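Thanks, everyone; I would like to take a few minutes to walk through one model, moving from strand pairing to a single side chain and then to the core. Please have the structure open as I go.

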Amino acid sequence: QVQLVESGGGLVQAGDSVRLSCVASGRTFSSYNMGWFRQAPGKEREFVAAVTRSGYTTYYADSVKGRFTISRNNAKNTVYLQMTSLKPEDTAVYYCAADAFRRGTLTTGDGYDYWGQGTQVTVSS
């Protein structure tokens, strides 16, 4: 079992920037593809961003492309989501996820094996 702990969320204004962090337990973090998802009240969970084990390849949802950046520091067992130009529609609980077994796609939840409990990001207008 891999434990993921997100942090960095809070209440911000439209146009602000926030960096979310996700720290993973264990000693094999560098072998995991990592992703960020979000879920707004009453809506389905949606893919936000993903990064491969090497950190060389990233994926983004169209809604955040150009505004959000995913990165990782394998020495710190941490993946980040840098969010800029935040909009009210970005308001959601943001979840970190780890793909340990490489069973599926990285742009949907099917490809991930472990999930954090989430951190709330609220963007006011």
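S4 and S5 form a hairpin with six residues between them, and in that turn Gly 42 has a positive phi of about 75°. I should say at once that this is a predicted model. The two strands run antiparallel and are joined by five bridges, one of the paired residues being Trp 36, whose bridge partner in S5 is Ala 49.

Moving on from S5, we come to a hairpin with S6, again with six residues between the strands, and here Gly 55 in the turn has a positive phi of about 85°. S5 and S6 are also antiparallel, with three bridges between them, and Ala 49 has Tyr 60 as its bridge partner in S6. Five of the six residues of S5 are buried, so this strand is largely enclosed by the rest of the structure.

Let me now return to S4, where Arg 38 is found. Is this arginine buried or exposed? Arg 38 has a relative accessibility of 5%, and because buried means under 20%, Arg 38 counts as buried. Its side chain makes a polar contact with the side chain of Asp 90, at 2.9 Å, and another with the side chain of Tyr 94, at 2.9 Å.

Tyr 94 leads us to the largest nonpolar core, which has 37 residues, and Tyr 94 is among those that touch the most other members, as are Leu 4 and Trp 36. The elements giving two or more residues to this core include S4, S5 and strand S9.

Conventions:
Residues numbered from 1 in each chain as written. Predicted model: local features only at pLDDT ≥ 70, side-chain atom pairs only at ≥ 80, totals over all residues. Heavy atoms only, no water. Helix = DSSP H or I, 4+ residues; strand = E, 2+ residues; numbered from the N terminus. Buried < 20%, exposed > 50% of the residue type's maximum accessible area, 1.4 Å probe, protein only. Polar contact = N/O pair within 3.5 Å; in protein donor to acceptor, adjacent residues only side chain to side chain. Core = buried A, V, L, I, M, F, W, Y, C linked by side-chain atoms within 4.5 Å. Pairing = 2+ DSSP bridges.
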